[in-house]
Amino acid sequence: MEKNGNPPSYGWSNGHMQAPPAAPPSYSQAVGGVGPSSPYTPQYPRTTGPQIVTTVVPLGPQSTHMICPSCHGEIDTASKKKPGLIAYIAGSVMCILGLFCGCCLIPCCIDSCMDVHHECPNCGAHLGRYRR
């Protein structure tokens, strides 16, 4: 670039600016048709395969014969008894009434105050709880 020379012309011709070149064609003009409005999401037809039927097995105070939803084995559930809400409420009431010398723990030993937790003996999955 010359320091002493005139600067290059920037589109001026006789003191007037030249018209800008024409804009490029739009998408629909260049390709034809309607331009995309959103990304393409293919719609697959629904296939009808074998229908899966699940049965809800009621859990009781004893072990139950069922099919484990985790390992799909035919099992008799392993049941464990743990103190439930009734045992804790009864123990708290007994403690408030003055039976705090170990008598308040009696409800935690009575079967009718216990909840029964069912587990799969094969995979150990928790299958449910029977509340009293």
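The largest nonpolar core here has 6 residues: L59, M66, C68, I75, C120 and L127. A nonpolar core means a set of buried Ala, Val, Leu, Ile, Met, Phe, Trp, Tyr and Cys residues joined through side-chain atoms within 4.5 Å, and buried means under 20% relative accessible area, with exposed over 50% and partly exposed in between (1.4 Å probe, protein chains only). Keep in mind that this is a predicted model, where local features need pLDDT of at least 70, side-chain atom pairs count only at pLDDT 80 or more, and totals for chains, interfaces and linings use all residues. Residues are numbered from 1 along each chain as its sequence is written, and side-chain values use heavy atoms, with hydrogens and water left out.

**Around the core**

- In soluble globular proteins, nonpolar side chains tend to be buried together.
- Core member C68 is in contact (heavy atoms within 4.5 Å) with G73, I75, C120, C123 and L127, leaving aside neighbours within four places in sequence.
- T64 sits in the loop between α1 (27-31) and β3 (65-67), and counts as buried at 13% relative accessibility.
- Setting aside neighbours within four places in sequence, T64 has contacts that include the core residues L59 and I75, along with V57, P58, D76, T77 and H118.

**Overall layout**

- The protein chain has 2 helices and 7 strands; these are DSSP runs numbered from the N terminus, helices being H or I with at least four residues and strands E with at least two.
- Going along the sequence, you get the pattern β-β-α-β-β-β-α-β-β.
- Buried residues account for 17% of the 132 residues in the protein chain.
- Take the contacts between residues at least 6 apart in sequence: 51% of them join residues at least 24 apart.
- The chain's accessible surface is about 11,200 Å², and 59% of that belongs to carbon and sulfur atoms. Accessible areas come from the Shrake-Rupley method with a 1.4 Å probe, and for residues only the protein chains shown count as cover.

**Salt bridges**

- Side chains of opposite charge can pair when their charged atoms come close.
- A search of the whole structure turns up 2 salt bridges, each being a side-chain nitrogen of Lys or Arg within 4 Å of a carboxyl oxygen of Asp or Glu.
- One is E119 with K80, where the closest N and O atoms are 3.6 Å apart. E119 is in strand β6 (residues 114-119) and K80 in strand β5 (residues 78-83), so this pair ties together parts that are 39 residues apart in sequence.
- Both ends of that pair are partly exposed: E119 at 25% relative accessibility and K80 at 44%.
- The other joins the side chains of D111 and K81 at 3.7 Å, N to O. D111 is in the loop between α2 and β6, K81 is in strand β5, and the two are 30 residues apart.
- D111 is partly exposed at 44% relative accessible area, and K81 is partly exposed at 42%.

**Strand β6 and its partner β7**

- β6 runs antiparallel to strand β7 (residues 126-130), with 4 bridges joining them; two strands pair if DSSP finds at least two bridges between them.
- V116 has Y130 as its bridge partner in β7.
- The β6-β7 hairpin has 6 residues between the strands, and G124 there takes a positive phi near 80°.
- H117, also in strand β6, counts as buried at 14% relative accessibility. Not counting residues up to four places away in sequence, H117 touches A78, S79, K80, K82, H126, G128 and R129.
- E119 touches T77, A78, K80, A125, H126 and L127, again leaving out residues up to four places away in sequence.
- The C-alpha atoms of E119 and R129 are separated by 9.1 Å, and the two residues are 10 apart along the chain.

**On the surface**

- L85, I89, V93 and L97 make a nonpolar surface patch of about 430 Å². Patches are made of residues with over 30% relative accessible area and no salt bridge, with like charges joined within 9 Å and nonpolar side chains (Val, Leu, Ile, Met, Phe, Trp, Tyr) within 5 Å.
- V93 from that patch lies in helix α2 (residues 85-96) and is partly exposed, at 43% relative accessible area.
- H72 is in the loop between β3 and β4 (74-76) and is exposed, with a relative accessible area of 63%. Phi of H72 is near 60°, a positive value in a residue other than glycine.
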